[in-house]
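Reader: Mind walking me through this one? I'd like to hear how each label is earned.

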Amino acid sequence: MTVDAAGRSHRDAPVLRFDPTRDEFAALLDGEPRYRLDQAWTGLHERGDETDDLTNLPKALRARIDAELPLGLSPEEESVSDNGETVKWLWRLHDGHHIETVLMHYEDRTTVCVSSQAGCAMACGFCATGQSGFDRHLSVGEIVEQVVRARRTSAPRRVSNIVFMGMGEPFANYDRTWAAVERINHDLGIGARHITISTVGVVPGIDRLAREDLPVNLAVSLHSANDEDRNALVPINQRYPLAMLEESCARYLDAKNRRLSFEWALIDGVNDRASDADELAILARRLRAHINLIPLNPTPGYLTRGTPMDRVHEFRDRLTSMGANATVRRTRGTDIDAACGQLRASRQLVDPPRRR
Ligand code: SAH
């Protein structure tokens, strides 16, 4: 089976509403007057309209959009936490796979956390997505639609930031992720500096990102700054060990002059020792990276717990005293499994009961 640049397989996958670019959209709806196509495009992308809301369009065109460009995400569950400040969606894809998207309101910004793949092949043992394995890449439209739909719910609060920190490894699905970034920036009007791509450390992806024009932010999920421990925590480290990762981050910094950040989930007794802080501080200083610390969130397949808060603060203070820049992150949506590393699109809750 072949897959085109938008991630659609030619054999069986439909073209989804947010897969085409503006020109492709016009070509697909061939025969409609240009101004109608502009109205449709603007309504769908800028306002996040459903076809029923496009009342300025003739019924026949609305029906044509529904039939020829179906939506890619069906909501199976919407969970709300943090007094309404965090919303998580479980979406069903056209082929029955599932993904999740999280919307988070803060005092000064509103962020959508998007998935780039259904499942993940990176197999980090402490991450719920890694624990449940890889299903498939998302298409451009499936990524863009997550933002469009979350933005519709968010209104009147404006979505200001996008983070590629949901399910999947964005750089394992580079072409579609990058095409989606361009679309989110250009068609949805979200500034590149407000878009962050998080990677487990896929070096070829970092190298490609260094050559892109749009100045998005890069986050690297580090979790350990020595190869022995990192090989165990983040298996891709066996392929792209720390020395390679550091070199590629350094090349990225040279090329882009943007701040890099490191994600570090503090795991009790595993990566929260004084020696871990020392190794991390040294690496972060060399790369002038900002460190985001969070205590590990619980997941079903990993028994070790997060570092207690008092020791999280001690760890941060040790980093700071060594001249590194570190912040402790507030965790969001733990009670609805929406926090970092908890997304796994719990299929057992949503599958129709099987016949015996
Ligand atoms: N694959 C990419 C994008 C996912 S981002 C990446 O790894 O960066 C999800 C973030 O949550 C990553 O930083 C990941 O390491 C972190 N994470 C995974 N499991 C976690 C857990 N149980 N608690 C806290 N953070 C976790």
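Reader: At what angle do α5 and helix α6 pack, and how far apart are their axes?

Author: This is a predicted model, where local features need pLDDT of at least 70, side-chain atom pairs count only at pLDDT 80 or more, and totals for chains, interfaces and linings use all residues. Residues are numbered from 1 along each chain as its sequence is written, and side-chain values use heavy atoms, with hydrogens and water left out. As for your pair, α5 and helix α6 (residues 174–186) pack at about 40°, with axes 8 Å apart. Axes here are lines fitted to C-alpha atoms, for helices over the stretch in contact, and angles run from 0 to 180 degrees between N-to-C directions.

Reader: Why are α5 and α6 called oblique to each other?

Author: Under 35 degrees counts as roughly parallel, over 145 as roughly antiparallel, 65 to 115 as roughly perpendicular, and the rest as oblique. The angle is about 40°, so α5 and α6 are oblique.

Reader: What makes α10 oblique to α11?

Author: The axes of helix α10 (residues 274–287) and helix α11 (residues 309–321) come within 9 Å and cross at roughly 40°. That makes α10 oblique to α11.

Reader: Which hand does the crossing of α10 and α11 have?

Author: Right-handed. A crossing gets that name if the near helix is turned clockwise from the far one by less than a right angle, and left-handed if anticlockwise. α5 passes α6 in a right-handed crossing too.

Reader: On to the ligand: how do you know that the side chain of H223 makes a polar contact with an oxygen atom of the ligand?

Author: A polar contact is a pair of N or O atoms within 3.5 Å (within protein, one must be able to donate a hydrogen and the other to accept it, and residues adjacent in sequence count only if both atoms are side-chain atoms). The H223 side chain has an N or O atom 2.5 Å from a ligand oxygen, so the pair qualifies. A backbone N or O atom of N297 is 2.8 Å from a ligand nitrogen, and a polar backbone atom of C340 is 3.3 Å from a nitrogen atom of the ligand.

Reader: What is the phi of H223, and where is H223 found?

Author: H223 has a positive phi of about 65° although it is not a glycine. H223 is found in the loop between β9 (217–221) and α8 (227–233).

Key: Helix = DSSP H or I, 4+ residues; strand = E, 2+ residues; numbered from the N terminus.
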